Amino acid sequence: MRRRSSLPVTFLVPTLVILLVLSMVPTLYAIVIALQNRELSTTGYSWVWCANFADLFFDRRFLNAVWVSVKWEIVTVVATMAVAIGLGVLMFEVAGPRLRNVYCLLFIIPVLLPRVSAAFVWKFAYHPLYGIATYPYRLITGGLIFDPLSKPSTALFAVASVDVWQWGLFFAVIVLKLLETLPPQPIEAARLDHAKRWQIHAYVTLPMLKAPLISLMFVKMIESLRSFDLIYVMTRGGPGVATETLDMYAFSQGFIESGKVSYASAMAVLMMIATVITFTMLWKRVQA
Amino acid sequence: MKPYRMRPGRLIAKAILALAGFLAVFPLVWTALNALKNNVDIITRVPRLVFSPTLANISYILGRDSVLTGLCNSVVACGSAVLIGVALGLPAAYAVARYPNRFAGDIQFFVLSLRFLPPVAVAIPLMVIWLQVGLYDTLPALIVTYSLLTISVIMWLAIPAFQGVPKEIEEAAFVDGYGAYSVFWRIALPVAARSLIGAIAFSFVLVWNEFLIALMLSSSNAKTLPIVASELSQQGMNVPWGILNASVVLLSLPPLLFLGVLSGFLNSVFRQKKS
């Protein structure tokens, strides 16, 4: 009876066509723009083909942005997973059902915040003179000033901490839920063998959760690409270029500093190619 | 679960958890408190817990035209994009979940891969396109762009929700003479409703929080609330801290309203996995 229905076609085709149009038009057009020399200030343009891409490889700020983006990915993904697994296991071990529910609610709150809000909240908190997060430092050192957002060595980590605050706590909830779905028998068996609690998790539960944890990491890697809001509000890529990721640099090239839309688009296209290839390969691996 | 480990370990573990719980909400609570403070009480070397509260910041925020326009724009843009996402995403998800064909895997991957696209890569060409067709800085442009987000996210999350509906119920309805469409309307939608609402709420939060695309596609008329809020901070060095905090609170409230729905959604996803 299901076979003969027209439902799959009428339900699926319009949506897929719209999705394809909405995604392919900007994607292809991004490539077209990248091959031209458009600027915001003028309407005329000509084709320069690969000149923008060639310029990029000699642009030291671009290379710096690539490096900052890679650092950002690694720092946020690793820290998020570490926080998530650590807190998830702790909740599983020492919190009763009611307390777990309370923690789960609390830990979901940061990720729901608009990133702009989260960025502001922590920008205030990191203020060297009046911030609440720098207050303990002022208290201990008797009024010395610590300004994490304007020191090149700490700025990236200060911004990354906000990202981990949002995602690490949220993922801790998911890790807990994953642990709760496990059958109790292997854990009981390990316990009978006098395994310590941390051993049970290191050798039994977490290996059992390998596949979902890898998927979780995959999700975080994708979400880490969206660092722009945090960086735009908290540091604007500064101090200097210490936190200038690729999307921040593309934005400032295209809109703040010079209005070189084509140059910015060339950067965006490179980013797009890199992420699509990487994530497609990773996804096929995760699925396999 | 019987505690058999020594006490100190458990105590430390509990302390770490309590600290994490505190860190999760305290910065936000502090922001809310700052929204109620006069500037004198905010700019202090030692944070003040006791102060005489004022509503001046909040009333200033709510009285500003730019904030109200931003709020309206956000509500209209996000609301319409979510409605479009529901109208197009839910049926498509149902078709993928219930009428499997050999492209089902590819379709799912395509929908997910839309999330890989860097927002800048979408925003730059769209800005040029909208400028050329004369829709730059209008809500329709923003709604169309956001629909790409909402359709794909709703579809992605609704597929498992529809798969979670017991097949037997649908089969029984077919036997009772329901057509394919009425099974969708009268059976699948109501049964999956709880998970679907979670998926829809999630997509709303996602577009409400969106910043980069809104920043690039608007210059004055179509600014959404996050843009307006971020601009408030750029009023020079003499920052009106209380006002900024108040605007952060206003911006954060709508997503937090969905806290209950979304945590229920999480629970239902994992309950499904367990069974």
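This report describes helix packing in chain B and the surroundings of selected residues in chain A.

The model is predicted, so local features need pLDDT of at least 70 and side-chain atom pairs count only at pLDDT 80 or more, while totals for chains, interfaces and linings use all residues. Residues are numbered from 1 along each chain as its sequence is written, chains are lettered from A and ligands numbered from 1 in the order in which they are written, and side-chain values use heavy atoms, with hydrogens and water left out.

## Helices packed on α12 of chain B

Two packed helices are described by the angle between their axes and the distance between the axes. Axes are lines fitted to C-alpha atoms, for helices over the stretch in contact, and angles run from 0 to 180 degrees between N-to-C directions. Helices (H or I, at least four residues) are DSSP runs numbered from the N terminus.

The table gives two helices that pack against α12(B), which spans residues 241–257.

| Helix | Residues | Angle to α12(B) | Axis distance |
|---|---|---|---|
| α1(B) | 7–35 | about 130° | 8 Å |
| α3(B) | 56–63 | about 65° | 8 Å |

The angle in the first row makes α1(B) oblique to α12(B). In contrast, α3(B) is roughly perpendicular to α12(B). Angles under 35 degrees count as roughly parallel, over 145 as roughly antiparallel, 65 to 115 as roughly perpendicular and the rest as oblique.

The crossing of α1(B) with α12(B) is left-handed, and that of α3(B) with α12(B) is right-handed. A crossing is left-handed if the near helix is turned anticlockwise from the far one by less than a right angle, and right-handed if clockwise.

On the α1(B) side, the contact (heavy atoms within 4.5 Å) with α12(B) is made by B:Leu28, B:Thr31, B:Ala32, B:Asn34 and B:Ala35. The residues that α12(B) brings to this contact include B:Gly242, B:Asn245 and B:Val249. By class, this contact of α1(B) with α12(B) has seven nonpolar, four polar and no charged residues. Here Ala, Val, Leu, Ile, Met, Phe, Trp, Tyr, Cys and Pro count as nonpolar, Asp, Glu, Lys and Arg as charged, and the others, Gly among them, as polar.

For the packing of α3(B), the contact residues are B:Asn57, B:Ile58, B:Tyr60, B:Ile61 and B:Leu62, set against B:Gly242, B:Ile243, B:Ala246, B:Ser247 and B:Leu250 of α12(B). Seven nonpolar, three polar and no charged residues make up the contact of α3(B) with α12(B).

## A covered helix

Helix α11(B), residues 225–232, is mostly covered, with seven of its eight residues buried. Buried means under 20% relative accessible area, exposed over 50%, partly exposed in between (1.4 Å probe, protein chains only). Among the buried residues of α11(B) are B:Leu225, B:Pro226 and B:Ser230.

## Residues of chain A

A:Ser117 lies in helix α5 (residues 115–125) of chain A and counts as buried because its relative accessibility is 0%. Its side chain joins that of B:Ser252 in a polar contact of 2.9 Å. A polar contact is a pair of N or O atoms within 3.5 Å; within protein, one must be able to donate a hydrogen and the other to accept it, and residues adjacent in sequence count only if both atoms are side-chain atoms.

A:Thr10, in helix α1 (residues 7–34) of chain A, is partly exposed, with a relative accessible area of 41%. A polar contact of 2.6 Å links the side chains of A:Thr10 and B:Tyr181.

A:Ala266 belongs to helix α13 (residues 261–287) of chain A. The C-alpha atoms of A:Ala266 and A:Val32 are 9.3 Å apart, although 234 residues separate them along the chain.
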